Number of protein chains: 2
Amino acid sequence: MSIRQDTRHLYLQVIEQIKRDIENGIYLEKQKLPSEFQLSKSLGVSRATLREALRILEEDGVVTRRHGVGTFVNPKPLFTSGIEELNSVTGMINDSGMLPGSQYLSADLVEATEEDKKRFAPVELHNIAKVERVRTADEQPVVFCVDKIPEHLIPIDHVREADSLFSTLEDYTGKRIGYAVTHIEPIGYHERISPILNCEPDQALLLLKQMHYSEDDVPMLLSSNYFRADKFSFHVLRKRV
Amino acid sequence: MSIRQDTRHLYLQVIEQIKRDIENGIYLEKQKLPSEFQLSKSLGVSRATLREALRILEEDGVVTRRHGVGTFVNPKPLFTSGIEELNSVTGMINDSGMLPGSQYLSADLVEATEEDKKRFAPVELHNIAKVERVRTADEQPVVFCVDKIPEHLIPIDHVREADSLFSTLEDYTGKRIGYAVTHIEPIGYHERISPILNCEPDQALLLLKQMHYSEDDVPMLLSSNYFRADKFSFHVLRKRV
DNA sequence: CATTCTTAATAGTCTGACATCTGACGTTCG
DNA sequence: CGAACGTCAGATGTCAGACTATTAAGAATG
C-alpha cells in the first residue's frame, strides 16, 4: 500500500473520475449532475478544484453548464474515433474485431536524410532505423508502413520482434506517445505498394504521414502508413472557428 | 452608452483578452506570463476566475503551466488551419492568396435519394437542390464540388448566383454553419472529374464528403469536394486518448 | 568542487462568502 | 380566466484570502 497512489494534480483525477462515472452509467445522458456543492463534497475536493475539472469537461464537450441551472451530461458523441484520435494500426485493426499481424519486409539502420533531420529537429540524429512492414488483418494485407526511429531510442533487434511498434517503443523508452502531426495525402496507384496490398489498379490508397511526439514534445517516430481505402475509413469533425 | 457592454461570462472575456495580448506581442512566445496573482490584479478579476481561463488556454494548447514555476506562452501554431478547422472552399483559396471563382456545371432541383434522406434526418425532405461546380483559383480549376441543399432552405435561383454557397446559405437562412462531419476518401482517377480538373492520370484526388450542420445541429448542406492533392494539403493533429 | 540546505516565487488547493441567473410558484390585476 | 409581475430557492459565476506543494536558484556546508 503506497502512501500516495496518484501524484498527478487533483483536478485531473476529478476529470477522470467524472468521465468514469458517466461511462459507467452513474450519471446518465442529458441528466443533471449533482450541484457543484454536492459533487465537491462527494468527491472530497473543494468547489474551486471541481470547477476547474468541470470547465475542462465542458471544453471537451462532455458536459454542458448553464448558469443558474446546472451541469448536464451531453449525449454521446456520434462521431467518436475520428481521425483526430491517434491510435496505432494494431489498435485500429483490433478495434474492428480482426486479428492484427505484421510481415517484415526490411529493418535496417540507414543514414538519416536531410528531410528526416528536419522533421526530427531539434533532436539531432545521424542514423535511423527504417522499418518496412505490411500490416495484416485476418491475414489479409491492408496497410503498408514505413517507420523511422532514431537509433538511440530503441535497438534495431527489438524492432524486428515487435508486433506493435507503438507499444514496444513506449515500453522501451518509458515515454508515452502523446500526439502526431499527420499529413493526409491520396495516392492513386503506387507501383510498388499497390501490388503488395493486392490492390486493383483503380483502388486508391490513403497515405497518412505522421510525426509522432511524446507527451513532452520529443519527436519519437516518423511513419508513413498507406491504407487501403476500402478497408479503412476515416472521418473528422470539422468545426467552424 | 450601454449599462453593460459585455454580458458574457468573465472567464470567457479573460480568455479572449489574453489571446489578444499574445497575438499583439504583449506576451512573447516561450515567455512567462505574469504570475497568477499579478495577472488577476491587472485584469481586474479574481485569481479563481483567471485560473479557469488559464485552464482552458492550457487545454487549447495556447499556454503551458508548470507547478511552482509559472505559465508560459507556447511557441506557436505550426499546426494551424488543420483539417479540423472548417472553412469554405472559397475561404481556403482566399487564405492562400489566390482569387477564388466558380464555374457552374449544373444546378437542378432533383428528388432526394434514400441516402440523402438518411443523411439529412431527422429533417424531412423531398426535393433538394443539387449544384455541380468547378472551383477555380486564379482561373485554374482545383476543386470539383457537388452540393446538395434542401429545397426549403434556399431558392434555387439564389444558388446559381452565389459565388460562396457557404455564406449565401448563412445569409439567407440567418443560421451559421457550425460544424461538418467529414468523411475522407482518396480517389485515384475519376473518369469524369479528373479531366475537368486537368489532372494527369496519376494525379490523385482527395474527396471530402461533408454533412454540414448549423450551430444548433440542423443539417443544412451535404457537399462532396474533390480536391486536387497537389493544390491542397490537409493535415491534422491526432491526439492519443 | 560537489552536495545539501535555505529561501523565494509560483501554481495548486481549500474555505467561505456574496453575486447573478434561471425556473417554478404564487399573487395581482385587467 | 389569463397575462404580467413578484418572490423565492437553487444553481453556477465570481470573489478574497489563506495555506500547500513544487520548482529553481543561491547560500551554506563538507
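Where in chain B is the place of B:Asp60? Select that residue in this predicted model, and you will find B:Asp60 in the loop of chain B that runs between α3 (47–59) and β1 (63–66). With a relative accessibility of 38%, B:Asp60 counts as partly exposed, because partly exposed covers the range between under 20%, which is buried, and over 50%, which is exposed. Now add A:Glu59, A:Asp60 and B:Glu59 to the selection, and you have the residues that, together with B:Asp60, gather in a patch of negative charge on the surface.

**The two chains**

Next, show chain A and chain B together and look for the relation between them. A turn of 180°, with a shift of 0.8 Å along the axis, lays chain B on chain A with an RMSD of 1.3 Å. That is the relation of a two-fold axis. To find a landmark for this axis in chain B, select B:Gly188, whose C-alpha is the nearest to the axis in that chain, at 1.4 Å from it.

**A loop in chain B**

Stay with chain B and move to the loop between β5 (127–137) and β6 (140–150), where B:Asp138 is found. The phi angle of B:Asp138 is near 50°, which is a positive value in a residue other than glycine, and at 41% relative accessibility this residue counts as partly exposed. Select B:Glu139 as well, since its place is in the loop between β5 and β6 of chain B. Its phi angle, near 75°, is likewise a positive value in a residue other than glycine, while its relative accessibility of 64% makes B:Glu139 count as exposed.

**Salt bridges in chain A**

Over all chains the structure holds 30 salt bridges, and the next stops visit some of these pairs in chain A. Begin with A:Glu36 and A:Arg47, whose side chains meet in a salt bridge with an N to O distance of 2.8 Å. The pair links distant parts of the chain, with A:Glu36 in helix α2 (residues 36–43) and A:Arg47 in helix α3 (residues 47–59) of chain A, eleven residues apart. A:Glu36 counts as buried at 14% relative accessibility, whereas A:Arg47 is partly exposed, with a relative accessible area of 45%.

Keep this pair on display and widen the selection to A:Arg51, A:Arg55, A:Glu58, A:Arg65 and B:Glu52, which are linked with A:Glu36 and A:Arg47 in a network of salt bridges.

Then go to A:Glu132 and A:Arg192, whose side chains meet in a salt bridge of 2.7 Å, N to O. A:Glu132 lies in strand β5 (residues 127–137) of chain A and A:Arg192 in the loop between β7 (177–187) and α8 (193–196), so the pair ties together parts of the chain that are 60 residues apart in sequence. At 10% relative accessibility A:Glu132 counts as buried, while A:Arg192, with a relative accessible area of 41%, is partly exposed.

For the last stop, select A:Asp147 and A:Arg133, which form a salt bridge whose closest N and O atoms are 3.1 Å apart. Because A:Asp147 lies in strand β6 (residues 140–150) of chain A and A:Arg133 in strand β5 of chain A, this pair ties together parts that are 14 residues apart in sequence. Are these partners buried or exposed? A:Asp147 counts as buried at 4% relative accessibility, and A:Arg133 is buried as well, with a relative accessible area of 2%.

Conventions: Residues are numbered from 1 along each chain as its sequence is written. Chains are lettered from A and ligands numbered from 1 in the order in which they are written. This is a predicted model: local features need pLDDT of at least 70, side-chain atom pairs count only at pLDDT 80 or more; totals for chains, interfaces and linings use all residues. Side-chain values use heavy atoms; hydrogens and water are left out. Patches are made of residues with over 30% relative accessible area and no salt bridge: like charges are joined within 9 Å, nonpolar side chains (Val, Leu, Ile, Met, Phe, Trp, Tyr) within 5 Å. Accessible areas come from the Shrake-Rupley method with a 1.4 Å probe; for residues, only the protein chains shown count as cover. A salt bridge is a side-chain nitrogen of Lys or Arg within 4 Å of a carboxyl oxygen of Asp or Glu. Lys and Arg count as positive and Asp and Glu as negative; His and the chain ends are not counted. The place of a charge is taken as NZ of Lys, CZ of Arg, CG of Asp or CD of Glu. Helices (H or I, at least four residues) and strands (E, at least two) are DSSP runs, numbered from the N terminus. Buried means under 20% relative accessible area, exposed over 50%, partly exposed in between (1.4 Å probe, protein chains only). Copies are superposed by least squares on the C-alpha atoms of residues with pLDDT of at least 70 in both.
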